[in-house]
Amino acid sequence: MSLLGTKRAVTVRGGSSAPMAPDDATEAPDANATSTAVDQQQNLGPNATPPGPLRSLFPKFPWYRIPNMLTYLRCLSIPAFVVLFYQPDRHVATSVVFALASFTDYLDGYLARRWDIASPFGAFLDPVADKLMVSTSLILLAGRYGAEVAVPTCIILARELAVSALREWMAQRGKRDSVKVGMQGKVKTAATMMSLTILLLVPFGNTVSELSRLYQPGLVLLYLCAVVTITSGSVYFRAAAPELLGKGN
């Protein structure tokens, strides 16, 4: 009596025997292997999550391009909310466009991590798009409200320029990882975008609205962002202090 899994023999013409395939040769393909094959077809990373209903329904769609597409949309939103900013009674539309663009900053990073994808151009453009959005909004609001907004605007923009220059200098010395974005920097970015969304929602001029009451909370939050900006920037400079002072290895 043969054991399960051993090769069976069948008698063929002439009395000889030929081995048959093992009993388990017709088993269904492994689900993980199928998932990996789909991910490879979609140019996703090896550690990408298994495809959901949407990715399974459109397996040939270039899902790996979506994070970069969201970054492109964030850049394109800048002239859109600039135009809306100077249109009368378009404060709600301006704030909505800015808020949606800010949300794509979270979404593209989430998808890139979930699908285990990264591109050098995306890594370059993502922080640039954020800084362009924030700096443009700060300049627009400083021009509208004067010194009250101009002061935190100067603090935030000066910090961004200083930290960007520091990262570039550390990258030239091969120490960029020591000044990579930390949790304080992420909190600062999120809080700044929230405060700008609130301030852009406030009507300007002779328009009277309940939304006008949001100006003071939005302004207070912007000043808190300026404080976090200083503290988070100091973290990067403390980390780079040995190199700056010539005491690095």
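**Figure 1. Aspartate 116 and aspartate 89, two loop residues with positive phi.** Aspartate 116 counts as partly exposed because its relative accessibility is 29%; buried means under 20% relative accessible area, exposed over 50%, and partly exposed in between (1.4 Å probe, protein chains only). Aspartate 116 sits in the loop between α4 and α5, and its phi is near 55°, a positive value in a residue other than glycine. Most residues other than glycine have a negative phi. Aspartate 89 also has a phi near 55° and belongs to the loop between α3 and α4. With 52% relative accessibility, aspartate 89 counts as exposed. Please keep in mind that this is a predicted model, where local features need pLDDT of at least 70 and side-chain atom pairs count only at pLDDT 80 or more, while totals for chains, interfaces and linings use all residues. Residues are numbered from 1 along each chain as its sequence is written, and side-chain values use heavy atoms, with hydrogens and water left out.

**Figure 2. Helix α3 and its kink at serine 77.** Helices are DSSP runs of H or I with at least four residues, strands are runs of E with at least two, and both are numbered from the N terminus. The 20 residues of α3 should span 28 Å at 1.5 Å a residue, and the end C-alpha atoms are indeed 28 Å apart; the expected span is 1.5 Å times one less than the number of residues. A kink of about 25° lies at serine 77, shortly before proline 79, the bend being the angle between axes fitted to the seven residues ending there and the seven starting there. Buried residues of α3 include Ile66, Leu70, Ile78, Phe81 and Phe85. The helix's buried residues pack against α4 (91-114), α5 (120-145) and α7 (183-201), with contact meaning heavy atoms within 4.5 Å.

**Figure 3. A salt bridge between arginine 74 and aspartate 108.** Here the N to O distance is 3.2 Å; a salt bridge is a side-chain nitrogen of Lys or Arg within 4 Å of a carboxyl oxygen of Asp or Glu. The pair links distant parts of the chain, with aspartate 108 in helix α4 and arginine 74 in helix α3, 34 residues apart. Arginine 74 is buried, since its relative accessible area is 0%, and aspartate 108 counts as buried at 4%. Both take part in a network of salt bridges that also links Asp105, Asp126 and Asp130.

**Figure 4. Two more salt bridges, one buried and one exposed.** Arginine 159 pairs with glutamate 160, their closest N and O atoms being 3.1 Å apart, and both residues are buried. Glutamate 210 and arginine 213 meet at 3.4 Å, N to O, and both of these are exposed. A search of the whole structure finds 10 salt bridges.

**Figure 5. A nonpolar surface patch that includes phenylalanine 61.** Leu54, Leu57, Phe58 and Phe61 make up the patch, with about 410 Å² of accessible area together (Shrake-Rupley method, 1.4 Å probe; for residues, only the protein chains shown count as cover). Patch residues have over 30% relative accessible area and no salt bridge; like charges are joined within 9 Å, and nonpolar side chains (Val, Leu, Ile, Met, Phe, Trp, Tyr) within 5 Å. Phenylalanine 61 lies in the loop between α2 (53-57) and α3 (66-85) and counts as partly exposed because its relative accessibility is 36%.
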